[in-house]
Amino acid sequence: MFHVKLHGSDAMARGADEKLVSRRIKLPKRIVEKPLRQVTRRLLMALFVMALTVLIVWIDRAGYHDNANNKVDFLDCVYYATVTLSTTGYGDIVPYSDSARLVNVLLITPLRVLFLIILVGTTLEVLTERTREEWRLSRWRKNLRDHTVVVGFGTKGRSALQTLLATGLSKEQVVIVDPSAKVIDIANAEGFTGVVGDATRSDVLLRAEIQKARQIVIATQRDDTAVLVTLTARQLNRGAKIVAAVREEENAPLLKQSGADAVITSASAAGRLLGLSVLSPSAGTVMEDLIQQGSGLDLIERPVNRAEVGKSVRDTDDLVVSVLRGHRLLPYDDPHASPLQLTDRVITIVRAAPSATPPVVLGSAD
């Protein structure tokens, strides 16, 4: 039995207030106008319409009749404008002259309609926005296939995602899962779809359509959380490629037993890079360059082309470091690595070409 070594606190177990927004899908926002600004703007418009109505009635007050005292003063004009715009219409103040009635038909009635539109505009906007959001969500679920799910949008998750985006992965094909609504809001602002919730729960991962995902990146802060997420993800999707990060190297075997295809030990990897940089700063710079996709040198995986079949790994145009044959990873100096076969895949070091899109990128930061 393996023992999971815990380290620090996890972003996957944040405050109780986050539970209120748990398991919510949040698509990138297209309209970012603040609600307070919308309310203020509508209130000013309503006040302007009312003031304009009062002014119109005041100018033509001689054409109005007050059943109480037969005199229409400024307060009566305000009162008439209020009950008229709100469609209450008590009938105690009425227009009786032809000019006053014509003004009511041509001006007051359109202003009344405009006032009502402003009053119900907020409600209509909320309903319209909700309908639009439901339609976008339905279309998103329908079109989402072979996407990438990133669990945890911290330093490791961001770095891994930056590497994938550098290879040509579109933001529309990425779903981020994190328990923090603030983190998901940041992801939305960057153009990603996010799911607020605890990724150890199957219903949260199902909202991310993980059953249709092609690859899953697990970048949680705690190793025990990574194990639970891996177990749940593998149960929901047997064919997806799962790559997980752990802090402690002794927990890596448990991640692999849980279903992860590859496990990166973040603490050990950073420590080795630090040690290499101490021994040889130039070698450390080269390694740092290799794990930064899109600049300098890139480490990629690609299929063997027909022109390379039958050749030695040393005779290829690229610098081959390993050959993937079936489930065996052969180093370049292994006698069985040559000659190359058509079904082989090679891991090579190439010069980064921003306009080109390599098949599979192996380097990822953090």
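**Exercise 1. Find what percentage of the chain is buried.**

Solution. Buried residues make up 41% of the 366 residues in the chain, where buried means under 20% relative accessible area, exposed over 50% and partly exposed in between (1.4 Å probe, protein chains only).

Before going on, note that this is a predicted model: local features need pLDDT of at least 70, side-chain atom pairs count only at pLDDT 80 or more, and totals for chains, interfaces and linings use all residues. Residues are numbered from 1 along each chain as its sequence is written, and side-chain values use heavy atoms, leaving out hydrogens and water.

**Exercise 2. Explore the largest nonpolar core and Val 195 in it.**

Solution. Start with the term: a nonpolar core is a set of buried Ala, Val, Leu, Ile, Met, Phe, Trp, Tyr and Cys residues joined through side-chain atoms within 4.5 Å. The largest one has 30 residues, and Val 195 is among those that touch the most other members. Next, look at its neighbours: leaving aside residues up to four places away in sequence, Val 195 touches ten residues' worth of partners including Arg 24, Ile 25, Val 177 and Ala 208 (contact means heavy atoms within 4.5 Å). 

**Exercise 3. Compare the settings of Asp 146 and Glu 209: buried or partly exposed?**

Solution. First, take Asp 146, whose phi is near 50°, a positive value in a residue other than glycine. Asp 146 sits in the loop between H3 and E4; helices (H or I, at least four residues) and strands (E, at least two) are DSSP runs, numbered from the N terminus. At 49% relative accessibility, Asp 146 is partly exposed. Then turn to Glu 209, in the loop between H6 and E7, with a positive phi of about 55°. Glu 209 is buried, at 8% relative accessible area.
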